[in-house]
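The following report examines the model shown below. It proceeds from domains to interfaces, helix packing and individual residues.

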Amino acid sequence: MDPGFFAQYLINGLVQGITYALVAVGFTLFFGVLDVIKFSHGDVLMLGAFTALALFLGLDQLSTPAWLSLTIMLCLGVVAMALLGALLCKFLVLPLKESPPLNTLLITLMFGSVIREGVRLFFPNGSNPKPFPALLPETSINWGNLNLRLDSVILIFTGAMAIVLTHLFIQKTRMGLAIRAVAQDEETARLMGINFNKTVLMTFALGSGLAALSGISTGLYYQEINFSMGLMLGVIGFSAAVVGGLGSIYGAIVGGLLFAFLQTLGAIWFSVPAYKDVFAFTVIIMLMAWRPTGLLADRSAERV
Amino acid sequence: MSDKLKLPNIFIFLICCVFLIGCSDQPETIKITFIGPLTGGVSAGGLGGRNSADLAISLRNESPDSNYKYELVPLDDECKPNIGVQVATKAAADKNIVAGVTHYCSAVAMGTVDVYHKFGLPVIVWGAVLPDITYGNDHPEIHRVNGTMINQNMVAAEFMTEQGFSTWAVIHDTTDYGKGHFKYFKKALTERSGTILGTFGVNPDQQDFTAELTKIKVLNPEVIYFGGLAPTGVRIRAQMDKLGMGQVFQGTSGIVSDAFIDGVGELAEGVLAFREGAPTEKLPGGKMFMRAYEARDFNEPAEAYGAFAFAATDLIIDVIEKVGPDRTLIRQELNLIREHESIIGPITFDSHGQNTIALITKYVIQDGSWVLWEDSEYASGNRSLK
C-alpha cells in the first residue's frame with residue numbers, strides 16, 4: 001500500500017481511537033474504584049457535547065471570538081459533566097452500593113435513557129442532528145497521498161494529553177493515591193483515614209469530565225452531533241475497556257485504539273463497509289474468549 | 001310526582017338536542033391521515049409535505065362547493081420502518097380515517113404497504129421512490145403520485161456520461177432506498193460506457209466515513225455517487241473535504257433539500273442530483289401552490305416533495321367528493337384515475353397504482369441553492385464541475 005494512504009488510514013484511526021480511549025478510561029475508572037459499570041456514560045458524553053453547543057449558541061449571540069468560545073465551551077462542558085457525574089454517583093450509585101451490581105447497572109442505564117430522551121424532547125429540535133461549529137483551524141498539509149489536517153492533529157494531541165494528565169493525576173497526586181488505595185482495598189483505605197465518599201465522587205467526576213471532552217471532540221471533528229450519538233460510543237468504549245482489561249488505564253487506551261484499528265481494517269477489507277462494526281465486535285468477542293480478564297489486566301497487578 | 005317527571009323530561013330534552021344537532025347543516029368531518037418524517041434527520045422533507053397536505057385541506061374547507069369538512073391527522077414515522085408500521089397501524093385501525101397520504105422514506109413505505117392492504121386503507125405515496133412500493137405487490141390500496149428511482153437513475157447515468165465522466169465510486173446506505181438506487185444506477189451505467197470502481201454500502205446512522213473515503217481516494221474515481229438521504233450525504237461530503245478529495249459529488253433525489261445545503265455550507269457548490277417531476281415553480285400549478293403556501297406563513301419551506309403531497313391530498317379529496325367517505329369506494333375510484341388534472345400535471349395510475357409520470361429534472365447546487373441544470377452557469381460553461 002502507498003505510504004501516504006497508509007498514513008491517512010493511521011491518522012483517521014488515531015482520531016477515532018483516542019475518542020474511544022477517552023470513553024474507555026471513564027468505564028475503567030468507575031469499575032476500578034467501585035466495581036460498577038455506569039451505563040449512562042455514553043449519554044453523559046452526548047450531554048457534554050450538547051451543553052457545549054448550547055454555550056456556543058449563547059456566546060455566538062455575544063459575538064465572542066472563536067478561540068474564546070472554544071475555551072469556554074470546553075471548560076464549562078467538562079466541568080458541568082464532571083458535576084453531573086458526581087451527582088449521579090452521590091444520589092444513584094453510592095446508595096445502591098450494598099445492593100446487587102445489577103441494580104446499579106440498571107439504574108445508570110435508565111438514567112442514560114432519561115438524559116437521551118430529555119435532550120431529544122427539550123433541546124430545540126432535539127430529534128434532528130445538530131450542526132456543531134467548526135472552531136478548529138482547517139489548515140491542511142498534503143504529503144503525497146496524505147492529507148493531514150491541523151484539526152485532526154489537535155484532537156489527537158488533546159485526547160492523548162487528557163489521558164496522560166489523568167494517568168499523572170492518579171499516579172502522582174494525593175487524591176490519585178487515595179483513588180488507587182480505594183481501588184485496591186476499600187476497607188483498609190477507610191481504616192487509613194481516606195475519605196471514601198469524596199474519593200469515589202472525584203473518580204466519577206473525572207470519568208464524566210473525560211466523557212464530555214470526548215463528546216466535544218467528536219462534535220468538533222464531525223461538525224455534527226445528535227441525541228443518540230452516545231449509544232454506540234458508549235458500547236464501543238465499554239467494549240474497549242473490557243478487552244483492554246477493566247480497571248487498567250493502559251488497557252483502556254489499548255482497547256480504544258484496537259477497536260478503531262479493527263473498524264478501519266473492516267472498512268478496508270469488506271466491500272460492504274457496514275460490516276466493519278460486525279467484524280470489530282466479532283474480533284473483540286474472540287479476544288474476550290481468549291483473555292477473559294482483558295489484554296493487559298494480568299500484567300497490571302494494581303487497578304487504576 | 002312533579003319530581004318524578006323531571007328526569008324523563010331532561011332525557012327527552014337531551015335526545016331532541018342530539019337529534020337537532022344531527023339534522024343541522026354542518027357538513028360531516030372527514031379524516032385523512034398524513035404520514036411522514038416529522039422529526040429526525042430528514043424531517044425537513046416531512047414537515048414540508050405535512051404543511052402542503054394541510055394547505056390542500058384548508059383550501060378545500062374554505063371552498064363553499066365542498067360537500068364535507070376535512071381534517072388532517074398528521075403522524076410521524078421518523079423515517080424508521082418500525083415506527084412507520086406502528087403509526088400506519090394506528091391510522092389504518094381508526095375507522096374514522098378514510099384515506100392516507102403516506103411516506104417520504106422508501107424503507108418505511110416498504111414496511112407499511114401490507115398494513116394498509118390488511119386494513120383496506122387506500123393511500124397515496126407522496127415522496128418515497130423505490131419501485132417495489134407499487135410494483136413489488138398487487139395491493140389495490142397502494143398508489144403513488146411521484147415517479148420511481150428507475151427513471152431517475154437512467155437519466156442520471158445518461159447525463160453524467162454525456163458530461164464526459166467515466167469512472168465512479170458508489171456509496172449507498174444499506175436500506176431498501178440506498179440499495180435500490182445503487183441497483184438501478186449500476187444497471188443504467190453498464191448500458192453506457194461508465195465504470196464503477198468500487199461500491200460501499202454504509203449504515204445510514206454511521207458518523208465516520210474516513211476509512212471508506214480513503215479507500216475511494218486510492219481508487220481515484222472522477223465521481224462519487226451517493227445513494228441515500230441528506231443527513232448521511234452531509235457527513236460524506238464534509239468528510240471528503242477533510243481528506244482533500246475534490247471529486248464531483250453526485251446524489252439522488254434524497255439529498256434535494258435545503259437541509260443538505262445548510263448542513264454542508266460552501267462545500268455544497270457543484271453537487272449534482274436528480275429528481276422526478278419538474279421544479280415546483282415550473283409545475284403546471286406550481287405558481288398557484290407556492291403563492292398559497294407562502295400566504296399561510298408556515299414555519300418550514302414546502303421542500304422538493306411538498307407539491308406531490310399537496311397533489312396526493314387534493315386527489316383524495318376530489319375522490320371523496322365524488323364517491324363519498326368510504327374506504328372501498330375511494331380505493332376503487334383511485335384505481336380508475338386517468339388524466340386527472342393536478343398541480344403536478346395530469347395523474348394517471350397504471351395497474352399497480354403508479355403515476356406514469358416520467359419527467360426527471362437535473363439539479364446542481366449553485367451559490368447556495370438548487371438550480372435547474374439548464375439554468376445554471378455550469379450548463380452555460382461559465383463554471384466547471386471538474
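How many residues of domain 1 of chain B are in contact with domain 2 of chain B? In this predicted model, 16 residues of domain 1 of chain B touch 17 residues of domain 2 of chain B.

## Domains of chain B

The domain assignment of chain B places residues 29–147 and 280–355 in domain 1, and residues 150–276 and 362–380 in domain 2. Between the C-alpha centres of domain 1 and domain 2 of chain B there is a distance of 28 Å. On the side of domain 1 of chain B that touches domain 2 of chain B, α2 (43–62) and α4 (106–119) of chain B each contribute at least two residues. The largest share of that side comes from α4(B), with 3 residues. By residue class, the same side of domain 1 of chain B comprises 10 nonpolar, 5 polar and 1 charged.

As a whole, chain B contains 14 helices and 12 strands. Along the principal axes, its C-alpha atoms fill a box of roughly 100 × 40 × 35 Å. Chain B has 386 residues, of which 53% count as buried. Among the contacts in chain B that link residues at least 6 apart in sequence, 71% join residues at least 24 apart.

## The contact between the chains

Chain B contributes 26 residues to its contact with chain A, and chain A contributes 25 residues. On the side of chain B that touches chain A, at least two residues come from each of β7 (195–202), α8 (210–219) and α9 (230–242) of chain B. Which element supplies the largest share of this side of chain B? That element is α8(B), with 7 residues. The residues on the side of chain B that touches chain A are 7 nonpolar, 13 polar and 6 charged.

## Helix packing in chain A

Helix α9 (residues 229–244) of chain A takes part in two crossings described here. With helix α10 (residues 249–269) of chain A, its axis comes within 7 Å, at a crossing angle of roughly 125°. α9(A) is therefore oblique to α10(A). The crossing of these two helices, α9(A) and α10(A), is right-handed. From α9(A), the contact is formed by A:Ile236, A:Ser239, A:Ala240, A:Ala241, A:Val243 and A:Gly244. The partners in α10(A) are A:Gly251, A:Ala252, A:Val254, A:Gly255, A:Gly256, A:Leu258 and A:Phe259. In the contact of α9(A) with α10(A), 8 residues are nonpolar, 5 are polar and none is charged.

The other crossing involves helix α2 (residues 41–61) of chain A, whose axis comes within 7 Å of that of α9(A) and crosses at roughly 135°. This angle makes α2(A) oblique to α9(A). α2(A) passes α9(A) in a right-handed manner. On the side of α2(A), the contact involves A:His41, A:Gly42, A:Asp43, A:Leu45 and A:Met46. On the side of α9(A), the residues are A:Met229, A:Gly230, A:Leu231, A:Leu233, A:Gly234 and A:Gly237. The contact of α2(A) with α9(A) divides into 5 nonpolar, 5 polar and 1 charged.

## Individual residues of chain B

Two glutamates of chain B carry a positive phi although neither is a glycine. For B:Glu78, phi is about 55°, and for B:Glu339, phi is near 50°. B:Glu78 is located in the loop between β2 (69–76) and α3 (81–93) of chain B, whereas B:Glu339 is located in the loop between α13 (327–334) and β11 (360–366) of chain B.

Are B:Glu78 and B:Glu339 buried or exposed? B:Glu78 counts as buried because 22 C-beta neighbours lie inside 10 Å, a count that meets the threshold of 20 or more. B:Glu339 has 8 other C-beta atoms within 10 Å and is therefore exposed.

A further residue, B:Asp318, lies in helix α12 (residues 306–323) of chain B. B:Asp318 is partly exposed, because 17 other C-beta atoms lie within 10 Å. The C-alpha atoms of B:Asp318 and B:Ala157 are separated by 38 Å, and the two residues are 161 residues apart along the chain.

The environments of these residues are collected below.

| Residue | Other C-beta atoms within 10 Å | Exposure |
|---|---|---|
| B:Glu78 | 22 within 10 Å | buried |
| B:Asp318 | 17 within 10 Å | partly exposed |
| B:Glu339 | 8 within 10 Å | exposed |

Technical notes: Residues are numbered from 1 along each chain as its sequence is written. Chains are lettered from A and ligands numbered from 1 in the order in which they are written. This is a predicted model: local features need pLDDT of at least 70, side-chain atom pairs count only at pLDDT 80 or more; totals for chains, interfaces and linings use all residues. Two residues are in contact if their C-beta atoms, placed from the backbone, lie within 7 Å. Helices (H or I, at least four residues) and strands (E, at least two) are DSSP runs, numbered from the N terminus. Ala, Val, Leu, Ile, Met, Phe, Trp, Tyr, Cys and Pro count as nonpolar, Asp, Glu, Lys and Arg as charged, and the others, Gly among them, as polar. Domain bounds come from an automatic or database domain assignment. Axes are lines fitted to C-alpha atoms, for helices over the stretch in contact, and angles run from 0 to 180 degrees between N-to-C directions. Angles under 35 degrees count as roughly parallel, over 145 as roughly antiparallel, 65 to 115 as roughly perpendicular and the rest as oblique. A crossing is left-handed if the near helix is turned anticlockwise from the far one by less than a right angle, and right-handed if clockwise. A residue is buried if 20 or more other C-beta atoms lie within 10 Å of its own, exposed if 12 or fewer, and partly exposed in between; C-beta atoms are placed from the backbone.
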